[in-house]
Amino acid sequence: MLVLRLLNVVAPAYFLCISLVTFVLQICVFIPSMFRDPSTTPLFSPALLHGALFLFLSANALGNYVLVIQSTPEDLGKDLNLGKGAEVADWLDGSRSPGSALPSTHFCRLCARVTQRHDHHCFFTGNCIGSRNMRNFIMFCLYTSLACLDSLVAGMAYISATLSMSFADPLAFLTLLPHSISQFFSGALLSSEMFVILMLYLWLGIGLACAGFCCHQMLLILRGQTRYQVRKGMVVRARPWRENLQEVFGKKWLLGLLIPVQNVESNYRRQKEK
C-alpha cells in the first residue's frame with residue numbers, strides 16, 4: 001500500500017514535468033525554428049498554425065486533466081452510512097452480510113471512498129475514474145495522445161533540419177536512437193540535440209499508450225461495461241450502444257470535444273435526486 005501511495009504522488013509529478021518540458025521545447029525551440037523558413041508568409045506561416053494547434057491540444061489535455069481531479073466520484077459510503085475503511089470493504093465484498101454487497105460499486109483503499117460505476121484508479125491523476133469523470137478522462141487521453149503526436153512531428157522536423165537527415169526511410173527513426181547514442185558519447189552530437197531525440201521516443205510511447213487506452217475505454221463504453229466489471233467477471237444488462245454513449249458523453253458531446261467542460265451526471269445521481 002505504501003508503494004501505491006508513493007506512486008499516487010510520483011505519477012502526477014511525472015506527468016506535469018513531461019508537460020512542462022514539452023511546452024518549453026515547443027515554444028522555445030520548435031516553433032522559433034519554423035519562423036526561419038523564408039519561403040512562407042508571416043500570416044500563414046507553419047509556425048503560427050502549428051503553435052495554435054499545439055496550444056489548442058495542450059489546453060484541452062490539461063483542462064480535462066484538471067476536471068478529472070476536480071470531478072471526484074461521490075462517496076456512496078457517506079450517503080448509505082456504511083462506515084469507513086475495512087467496514088466499507090466488508091459490506092462491498094459481502095462478508096459482513098450475505099447478499100449485502102452493493103451492485104456496480106467499489107471501495108478504493110487509496111481514495112478511501114465508495115464510488116458508483118467504478119472503472120479504475122488512475123495514478124497519473126491520483127483519483128478514481130467513475131461515472132462523474134469518465135468523459136473528461138477519455139478526453140484527457142485523446143488530447144494527450146494528439147499533443148504527443150504533434151510534438152513528435154515537430155521534433156522530427158527540428159532534428160531533420162538540425163542534423164540534415166531525412167525520415168523518408170521508415171528505418172531511419174528506428175535506427176536514430178542507437179546511432180545518436182554512439183555519436184553523443186563520441187562528442188559529435190550536442191546534449192540538447194540528444195535530449196530532443198530522447199523526447200521523441202518518449203512522446204511516441206506516451207502517445208501510443210494514451211491512444212490505446214482511449215480506444216479500450218471507448219470499446220468498454222459501447223458495451224456498457226467498466227474495467228472493474230470486466231476484471232471481476234460481472235454481467236451487465238445489455239443496452240443499445242447509443243444509450244451507453246449518451247450516459248457518458250451526454251447530449252452536448254460535441255462541446256466536450258472542443259473545450260474542457262464538466263461531465264454530465266450519472267443516471268444514478270439523477271435517480272437519487274428524484
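The exercises below, each with a worked solution, concern the annotated spans, the cavity and the aromatic pairs of this structure.

The model is predicted, so that local features need pLDDT of at least 70 and side-chain atom pairs count only at pLDDT 80 or more, while totals for chains, interfaces and linings use all residues. Residues are numbered from 1 along each chain as its sequence is written, and side-chain values use heavy atoms, with hydrogens and water left out.

**Exercise 1.** State how the chain is folded over residues 47–68 and 196–222.

*Solution.* Begin with the record: the unreviewed UniProt entry annotates "transmembrane region" at residues 12–35, 47–68, 137–159 and 196–222, and such annotations may be inferred rather than shown by experiment. Next, take residues 47–68, which are 100% helix and 0% strand, with end C-alpha atoms 31 Å apart. Finally, residues 196–222 are 100% helix and 0% strand, and their end C-alpha atoms lie 39 Å apart. Helices here are DSSP runs (H or I, at least four residues), numbered from the N terminus.

**Exercise 2.** Describe the largest cavity and its lining.

*Solution.* A cavity is a set of points on a 1 Å grid over the protein atoms alone where a 1.4 Å probe fits but cannot get out, and lining residues have an atom within 4 Å of a point. The count is 1 cavity of 30 Å³ or more, and the largest cavity holds about 170 Å³ of space. Of its 16 lining residues, Arg 117, Met 134, Ile 221, Thr 226 and Val 248 are the closest to the centre. Helix H8 (191–223) and helix H10 (241–249) each supply at least two residues of that lining. By class, the lining divides into 4 nonpolar, 8 polar and 4 charged residues, where Asp, Glu, Lys and Arg count as charged and Gly is among the polar ones.

**Exercise 3.** Which class of aromatic pair do Tyr 65 and Phe 140 form?

*Solution.* Rings of Phe, Tyr and Trp (its six-membered ring) pair if their centres lie within 6.5 Å, and planes under 30 degrees apart count as stacked, over 60 as edge-to-face and the rest as tilted. The structure holds 13 aromatic pairs. For Tyr 65 and Phe 140 the centres are 5.3 Å apart and the planes stand at 50°, so the pair is tilted. The pair links distant parts of the chain, since Tyr 65 lies in helix H2 (residues 46–70) and Phe 140 in helix H5 (residues 134–163), 75 residues apart. Tyr 65 is buried (under 20% relative accessible area) at 5%, and Phe 140 also counts as buried at 5%.

Methods:
On a 1 Å grid over the protein atoms alone, a cavity is a set of points where a 1.4 Å probe fits but cannot get out, and a pocket is an open set with protein on both sides within 12 Å along at least five of seven lines; lining residues have an atom within 4 Å of a point. Grid points are joined across faces, edges and corners, and a volume is the space filled by probe spheres set on the points. Buried means under 20% relative accessible area, exposed over 50%, partly exposed in between (1.4 Å probe, protein chains only).
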